[in-house]
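Good morning, and thank you for coming. Please look at the chain on the screen while I describe its overall form and then a few of its residues.

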Amino acid sequence: MDRVALDLGIIQVYWYSIFIFLGILAGCITIYLESKRRKIDQEFMLNLAFNSIIFGVIGARLYYVLFNLDYYKANPIEILEIWNGGLAIHGGLIAGCLVVLYQCRKNRIKPLKIFDIIVVGLILGQAIGRWGNFFNQEAYGAITTATKLQSMGIPKFVVDGMFILGEYREPTFFFESMWNLFGFVALLIIRRYPYLKIGQLSGFYLVWYSAARFIIEGMRVDSLMMNNLKVAQLASIIMIILGVFLFIYYKFIKRVGNFSEYLYNYNEPEKKEEHPLFVKESEIQ
């Protein structure tokens, strides 16, 4: 399979880069449309998106490099060659979350509702971005047969592309991409629920994505490792615990003040200073 989509001589454009870009673009458009519907300040969201993308990509790369440190110590120049693959989503999530928390605190904005807006676009971007792994022939599972893959209803071009190192491989990237796509549809439906609490969309995303990632990571043969543990499975367990907590926090614990302001679909006041996303200085810890 040709990894290069466009060869301009000096410059080569890789399919991996194209699908990462398309994933980011689709995610940003989704986030923009929802933030506009929720009447979030667009200048704030634009700055947030720009910084989150930049630091998210850096975080994703550094995370991958750290768990392959011996290799990159011997080949340091390859640290910059992200078109060859090697972006770990958990590193990107950590870096992106830190950016959101910092900018929300700086602008005196409650971060949970911003996270709720982001996760819908994020999971769509992940679904699209995973196809970059297909063209790089990475993120695959154990040896299998073409007949078995075809019996699972996997498209023929995917089956053909899974002929790697002389054997057919399980397309774990495909399983994860489809699961994320279903998650995107589920989040679109759930966020319309009138009594949805702030934080519950984020909680659902964390549980939905991480539960599947834990299972799929167990199928992969090219995982990042920490001793005998698969790093992504450990991260998935942590994310599931956090997701369950977020999902139940406002439903069973947070019952103070004007509870309507803790609804995701709360009808915000027109004045900025009365907007539930903007909190008083006394509430900033």
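I shall begin with the protein chain as a whole and then turn to single residues.

Please keep in mind that this is a predicted model. The protein chain contains eleven helices and seven strands. Its radius of gyration is 20 Å, and the globule rule gives 19 Å for 285 residues; the two values are close, so the chain is as compact as a globular protein of that length. If we follow the C-alpha trace along its principal axes, the protein chain spans about 65 × 45 × 35 Å.

What share of the 285 residues is buried? Buried residues account for 45% of them. On the outside, the protein chain exposes about 15,400 Å², and 67% of this area is supplied by carbon and sulfur atoms.

Let us also consider how the chain meets itself. Take the contacts between residues at least 6 apart in sequence: 74% of these join residues that are at least 24 apart. As for charge, the protein chain has 28 positive and 23 negative charges, and their mean positions lie 8 Å apart.

I now turn to two residues in helices. Gly121 belongs to helix α5, which covers residues 111-129. Is Gly121 buried or exposed? Its relative accessibility is 1%, and the cut-off for buried is under 20%, so Gly121 counts as buried. Setting aside neighbours within four places in sequence, Gly121 is in contact with Gly27, Thr30 and Ile31. Gly121 and Ile18 are 103 residues apart in sequence, and their C-alpha atoms are 17 Å apart in space.

The second helical residue is Asn180, in helix α9, residues 172-190. Asn180 has a relative accessible area of 0% and is therefore buried. Which residues does Asn180 touch, not counting those up to four places away in sequence? They are Ile123, Gln126, Ala127 and Tyr209. Between Asn180 and Trp208 there is a separation of 28 residues in sequence, and the distance from C-alpha to C-alpha is 8.3 Å.

Next comes a residue in a strand. Thr144 is part of strand β3, residues 143-144. With a relative accessible area of 12%, Thr144 is buried. Beyond its neighbours within four places in sequence, Thr144 has contacts with Leu149, Tyr168, Arg169 and Glu170. How far is the C-alpha atom of Thr144 from that of Asn107? The separation is 52 Å, for two residues that are 37 residues apart along the chain.

I should now like to discuss three residues in loops. Ser223 sits in the loop between α10 (200-219) and β6 (225-226). Its relative accessibility is 14%, so Ser223 counts as buried. When residues up to four places away in sequence are not counted, Ser223 touches Glu217 and Lys230. With Glu217 there is also a polar contact: the side chains of Ser223 and Glu217 are joined at 2.7 Å.

The other two loop residues draw our attention to the backbone. Gln137 lies in the loop between α6 (131-136) and β3. Phi of Gln137 is near 55°, which is a positive value in a residue other than glycine. Gln137 has a relative accessible area of 25% and is therefore partly exposed.

Leu165 is found in the loop between β4 (163-164) and β5 (167-169). Leu165 is not a glycine, yet its phi is positive, at about 55°. Is Leu165 buried or exposed? The relative accessible area of Leu165 is 69%, and exposed means over 50%, so Leu165 is exposed.

To close, I return to the whole chain: this predicted model has eleven helices and seven strands, with 45% of its residues buried. Thank you for your attention.

How values were computed:
Residues numbered from 1 in each chain as written. Predicted model: local features only at pLDDT ≥ 70, side-chain atom pairs only at ≥ 80, totals over all residues. Heavy atoms only, no water. Helix = DSSP H or I, 4+ residues; strand = E, 2+ residues; numbered from the N terminus. Rg over C-alpha atoms; globule rule 2.2 N^0.38 Å. Buried < 20%, exposed > 50% of the residue type's maximum accessible area, 1.4 Å probe, protein only. Contact = heavy atoms within 4.5 Å. Areas by Shrake-Rupley, 256 points an atom, 1.4 Å probe, with all protein chains shown as cover. Lys, Arg positive; Asp, Glu negative; His and termini not counted. Charge placed at Lys NZ, Arg CZ, Asp CG, Glu CD. Polar contact = N/O pair within 3.5 Å; in protein donor to acceptor, adjacent residues only side chain to side chain.
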